[in-house]
Amino acid sequence: MSKSDPNSKSRIELTDSPDEIRSKFKKAVTDTTSHVTYDPVLRPGISNLIEIHCAVADISPEMVQEDCFLQAADSGSYKTRVAELVIEYLKPIQRKIAQLEKDRSFLEKTLLEGSTKATEIASQTYKEVQQAVGFI
C-alpha cells in the first residue's frame, strides 16, 4: 500500500467503507510464501501489512509473527485480519469526519481562521526575507 501512488486502490483512505478496505487488503500484493514473517527486504508486501497491523494495534512485528505462528495464520487469512483491525481503528475517525462534514459553518469558520493565521505568518516571513536580501 502506498500513499504516494496516484491510484486510490493502492492505499486505505480515511473515508473508505469497510467493504472497500476489505477489498484493498484482499488485493494487497504479497509473495508466494504463505506464512507470515517480517522481513522488509525479502518480503516487503507482507512486511507492509505487518507494519500496518503494528500501527493500529500498537504492538511489535515480533508479537505479530508469534501470534500468527500460534494461530497457524497464512497470508490470506492475515490480510482479512489486518483489514478488520484497520476498520475498527478507523471507526471513530470516520464518525468524526461525518460529524464535521455536517457542520458546514464550523468548517468554513475554521478554514477562514486558518487562512488568516497563515497569511499573517507568511507576511512576517516575507518581510524578514526582504530585509535579509536587502530589498527593504
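# Helices, core and salt bridges

Visitor: Where is the place of Asp58?

Guide: The model is predicted. Two helices flank Asp58: helix H2 (44-57) and helix H3 (61-70). Asp58 belongs to neither, and its place is in the loop between H2 and H3.

Visitor: Is Asp58 buried or exposed?

Guide: Its relative accessibility is 73%. The cut-off for exposed is over 50%. Asp58 therefore counts as exposed.

Visitor: What is the phi of Asp58?

Guide: Asp58 is not a glycine. Its phi is positive all the same. The value is about 55°.

Visitor: Which residues of helix H1 are buried?

Guide: Helix H1 covers residues 18-26. Buried means under 20% relative accessible area. The residues of H1 that are buried are Ile21, Lys24 and Phe25.

Visitor: What arc do they cover around the axis?

Guide: Ile21, Lys24 and Phe25 are the buried residues. They lie on the same side of H1, because the arc they cover around the axis is only 95°.

Visitor: Which residues are exposed on the other side of H1?

Guide: The buried residues share one side of H1. The other side holds exposed ones. They are Asp19 and Lys26.

Visitor: Which helices are included in what covers the buried residues of H1?

Guide: Ile21, Lys24 and Phe25 are the residues to be covered. Their cover includes two helices, one of them helix H4 (75-102). The two are H4 and H2.

Visitor: Which residues touch the most other members of the largest nonpolar core?

Guide: Nonpolar side chains tend to be buried together in soluble globular proteins. The largest nonpolar core here has 18 residues. Those that touch the most other members are Ile21, Phe25, Tyr78 and Val86.

Visitor: Where does the largest share of this core come from?

Guide: H1, H2, H3 and H4 each supply at least two residues of this core. The largest share is 6 residues. That share comes from H4.

Visitor: Which residues does Ile21 touch, not counting those up to four places away in sequence?

Guide: Ile21 is buried in H1. What covers the buried residues of H1 includes H4. With sequence neighbors up to four places away left out, Ile21 touches Ile12, Asp16, Ala83, Val86, Ile87 and Leu90.

Visitor: How many salt bridges does the structure hold?

Guide: Side chains of opposite charge can pair when their charged atoms come close. Arg22 with Glu84 is one of these pairs. The number of salt bridges in the structure is 9.

Visitor: How far apart are the closest N and O atoms of Arg22 and Glu84?

Guide: The two residues form a salt bridge. The pair links distant parts of the chain: Arg22 is in helix H1, Glu84 in helix H4, and 62 residues separate them. Both are partly exposed, Arg22 at 34% relative accessible area and Glu84 at 29%. Their closest N and O atoms are apart by 2.6 Å.

Visitor: Which residue is linked with Arg22 and Glu84 in a network of salt bridges?

Guide: Arg22 and Glu84 pair with each other. The network has a further member. That residue is Asp19.

Visitor: What separates Glu88 and Lys91 in helix H4?

Guide: Their side chains meet in a salt bridge (2.8 Å, N to O). Glu88 is partly exposed, at 47% relative accessible area, and so is Lys91, at 34%. The two are 3 residues apart in helix H4, so what separates them is about one helical turn.

Visitor: What is the N to O distance in the salt bridge of Arg104 and Glu108?

Guide: Both residues lie in helix H5, 4 residues apart, about one turn of the helix. Arg104 is exposed, at 57% relative accessibility. Their side chains meet, N to O, at 4.0 Å.

Visitor: How far apart in space are Lys96 and Ala118, C-alpha to C-alpha?

Guide: Lys96 lies in helix H4. In sequence, 22 residues separate Lys96 and Ala118. In space, the C-alpha to C-alpha distance is 25 Å.

Visitor: What accessible area do Val129, Val133, Phe135 and Ile136 have together?

Guide: These four form a nonpolar patch on the surface. One of them, Ile136, lies in the segment after helix H5 (104-132). Ile136 is exposed, at 61% relative accessible area. Together the four have about 450 Å².

Key
Residues numbered from 1 in each chain as written. Predicted model: local features only at pLDDT ≥ 70, side-chain atom pairs only at ≥ 80, totals over all residues. Heavy atoms only, no water. Patch = residues over 30% accessible without salt bridge, like charges linked within 9 Å, V, L, I, M, F, W, Y side chains within 5 Å. Areas by Shrake-Rupley, 256 points an atom, 1.4 Å probe, with all protein chains shown as cover. Buried < 20%, exposed > 50% of the residue type's maximum accessible area, 1.4 Å probe, protein only. Arc of directions from axis to C-beta. Contact = heavy atoms within 4.5 Å. Core = buried A, V, L, I, M, F, W, Y, C linked by side-chain atoms within 4.5 Å.
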